[in-house]
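Work through the exercises below with the structure open. Try each task before you read its solution.

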Amino acid sequence: MSDPITQREDERTGGIQVISRAAKILDALGNRPDGMSLGEIAQAVDLPRSTVQRIVAALDSVQLVRSPGAGGVRLGPALLRLIATLHTDVVAIAQPWLQALCDATGETVSLARASGLQLAIVHYVVADRELRVVPRIGLNLPLYSTSGGKALLALDSDEQARAVVGDAYEAITDLTVKAFPELIERLKEIRRTGLSYDRGETLEGISTMAVAIDTILGRFSISLLVPSTRFQKHEALYRTEILKCKEALVDEIGKAALRD
């Protein structure tokens, strides 16, 4: 007669294994919106085809995948609805990490996204100190001069960046980049370090540092907005904390699939 405790432990372990395998299958399908055959899935997740078939059937029964036949297996409507719902909650997901970054640095933090040629701020946390930067929601600033905008441009190739912003730019301050070759050098450095800077290129007296996150819910920039008078003194701290925030948020939301 089997030990009931051992039996429950075996069932629990088996349940975790099934969930882990289902997650791998869903992840593989997320990288192939055109659909995959059972054989392709089995190869991608390194499981027997019979195992994949059983798990896909279970996922199909609750609409997490669709397996219409000749077209292969795709993500299902239930999962796609969930993803759409989560997309509207990016600010709610990001808020605790943005607040933690603000607390760790004592500086204002903004969350933004690209909107055409502009960087659009969608959320911010204002520092609780006398001398601070207070942005405005809906304030649109050029991608090519802001640290957040350049961080987002650096996610793409030079050709894709040129297609977005063109070759010549309006000088907002004396330090604003004036032409595309100059911007390319900035983008190369951002790709190398993961960090983007705006040292008075957009607003005189304001320096910013930014990182970009490329997630399953979209691309966003996270920026620290600092009076230039104290930026250099605390730059090492800002660098450490903003990279920590980026890692935490990408882990929380999920990294985007690799793009061609």
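The exercises use a predicted model and cover aromatic pairs, one helix and the cysteines.

**Exercise 1. Classify the aromatic pair of tyrosine 144 and tyrosine 169, and say which parts the pair ties together.**

Solution.
- Start with the description. A pair of aromatic rings is described by the distance of the centres and the angle of the planes.
- Take the values. The centres of tyrosine 144 and tyrosine 169 are 4.5 Å apart, with 25° between the planes.
- Apply the cut-off. Planes under 30 degrees apart count as stacked, and the pair of tyrosine 144 and tyrosine 169 is stacked.
- Locate the partners. Tyrosine 144 is in the loop between β5 and α6, and tyrosine 169 is in the loop between α7 and α8, so the pair ties together parts 25 residues apart in sequence.
- Check the surroundings. Tyrosine 144 and tyrosine 169 are both buried.

**Exercise 2. Classify the pair of phenylalanine 231 and tyrosine 238, then find the cluster that holds them.**

Solution.
- Take the values. Phenylalanine 231 and tyrosine 238 are 5.7 Å apart centre to centre, with 45° between the planes.
- Classify. The pair of phenylalanine 231 and tyrosine 238 is tilted.
- Check burial. Phenylalanine 231 is buried at 2% relative accessibility. Tyrosine 238 is buried at 0%.
- Extend the group. Tyr197, Phe231 and Tyr238 form one aromatic cluster.
- Look for a charge. The charged end of arginine 199 sits over the ring of tyrosine 197, 4.4 Å from its centre.

**Exercise 3. Test the length of α8, then work out how its buried residues are arranged.**

Solution.
- Calculate the span. At 1.5 Å a residue, the 14 residues of α8 should span 20 Å.
- Compare. The end C-alpha atoms of α8 are 20 Å apart, which agrees.
- List the buried residues. In α8 they are Phe180, Leu183, Ile184, Leu187 and Ile190.
- Find their side. These residues cover an arc of only 120° around the axis, so they lie on the same side of α8.
- Recall the helix rule. An α-helix has 3.6 residues a turn, so residues three or four places apart point the same way.
- Turn to the other side of α8. Pro181 and Arg192 are exposed there.
- Name the cover. Elements covering the buried residues of α8 include α6, α7 and β6.
- Step past the end. Just after α8, glycine 194 has a positive phi of about 80°.

**Exercise 4. How many disulfides does the structure hold, and are cysteine 102 and cysteine 245 buried or exposed?**

Solution.
- Count. The structure holds zero disulfides.
- Check cysteine 102. It is buried, with a relative accessible area of 5%.
- Check cysteine 245. It is buried, with a relative accessible area of 5%.

Technical notes: Residues are numbered from 1 along each chain as its sequence is written. This is a predicted model: local features need pLDDT of at least 70, side-chain atom pairs count only at pLDDT 80 or more; totals for chains, interfaces and linings use all residues. Side-chain values use heavy atoms; hydrogens and water are left out. Rings of Phe, Tyr and Trp (its six-membered ring) pair if their centres lie within 6.5 Å; planes under 30 degrees apart count as stacked, over 60 as edge-to-face and the rest as tilted. Helices (H or I, at least four residues) and strands (E, at least two) are DSSP runs, numbered from the N terminus. Buried means under 20% relative accessible area, exposed over 50%, partly exposed in between (1.4 Å probe, protein chains only). A charge sits over a ring if NZ of Lys or CZ of Arg is within 6 Å of the ring centre and within 35 degrees of the ring normal. The expected span of a helix is 1.5 Å times one less than its number of residues. The arc is that of the directions from the helix axis to the C-beta atoms. Contact means heavy atoms within 4.5 Å. A disulfide is a pair of cysteine sulfur atoms within 2.5 Å.
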